[in-house]
Amino acid sequence: MTSQLLRNTLKLTATMFLTAALAVHYQRIQFVYYPLTAALIVVDDNDDQTWKAAGGRIFGTIVGGLVTFLVHTIASGWAGVLLSLLIMIPVLRLFGWSSGLGTASTICVMFLMIPGYSALNWDYVFNRTLDTTVGCGVGLVVGLLFWPRNRRDDLRSLEAGMRHQLVQQLAAYRAWIQG
């Protein structure tokens, strides 16, 4: 097992454990599924991607919840899902949050496929957004704890290695051309 694999495994395990602990400890979070799903989707092997995924996930949840809440007063079922998606896709693209489309569409399907969708109100939308934000927040905090130390030194050594490899490759090409 490589050190990078161990680091990523520990990061994901710590994220899921802390998210579940927070979700169970605080009574505000009704379903542990939402923050755990958010944390799982947000945590990435590449720490830079974690920040992008978290932003897209949170904005996708907010837009998906708001659009779906407004659409559920007009339509329900699959017609409501289609109408919500037709509104959400341009809105997310307009704001540059296309990465949140998967989350927004999942939220839309979950909200509109609730058997008693009349129970869908602002409180429900707020709570699901809060659940998702908790999962994303824990994923970001744990990602910061496992952030690699001496990042600049690592980049410098990688750059030096790539330059050395390029010089060797150019020398090999030169020798090949000269025969």
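**Notebook: helices and a nonpolar patch**

I began at the N terminus and followed the elements of the protein chain, which run α-α-α-α-α-α-α. I note that this is a predicted model. My tally for the protein chain is seven helices and zero strands.

Next I looked up burial. The protein chain has 179 residues, and 32% of them count as buried.

**Entry: α1 and α6**

I turned to a pair of helices. Helix α1 covers residues 3-25, and helix α6 covers residues 122-145. How do their axes cross? I found that they come within 9 Å and cross at roughly 140 degrees. I then had to name that angle. Over 145 degrees would count as roughly antiparallel, and 65 to 115 as roughly perpendicular. The angle here fits neither range, so α1 and α6 are oblique to each other. I also looked up the hand of the crossing. α1 passes α6 in a right-handed crossing.

**Entry: the surface patch**

Which residues make the nonpolar surface patch? I listed F59, I62, L66, L70 and W122. The patch is about 450 Å². I then asked which helix gives the most to the patch. Helix α3, residues 47-71, does, with four residues.

**Entry: I62**

I picked one patch member, I62, for a closer look. I62 sits in helix α3. Is I62 buried, exposed or partly exposed? Its relative accessibility is 32%. Buried means under 20%, and exposed means over 50%. I62 lies in between, so I wrote it down as partly exposed.

Notes:
Residues numbered from 1 in each chain as written. Predicted model: local features only at pLDDT ≥ 70, side-chain atom pairs only at ≥ 80, totals over all residues. Heavy atoms only, no water. Patch = residues over 30% accessible without salt bridge, like charges linked within 9 Å, V, L, I, M, F, W, Y side chains within 5 Å. Areas by Shrake-Rupley, 256 points an atom, 1.4 Å probe, with all protein chains shown as cover. Salt bridge = Lys/Arg side-chain N within 4 Å of Asp/Glu carboxyl O. Helix = DSSP H or I, 4+ residues; strand = E, 2+ residues; numbered from the N terminus. Buried < 20%, exposed > 50% of the residue type's maximum accessible area, 1.4 Å probe, protein only. Axes fitted to C-alpha atoms, helices over the stretch in contact; angles between N-to-C directions. Parallel < 35°, antiparallel > 145°, perpendicular 65-115°, else oblique. Left-handed = near helix turned anticlockwise from the far one by under 90°.
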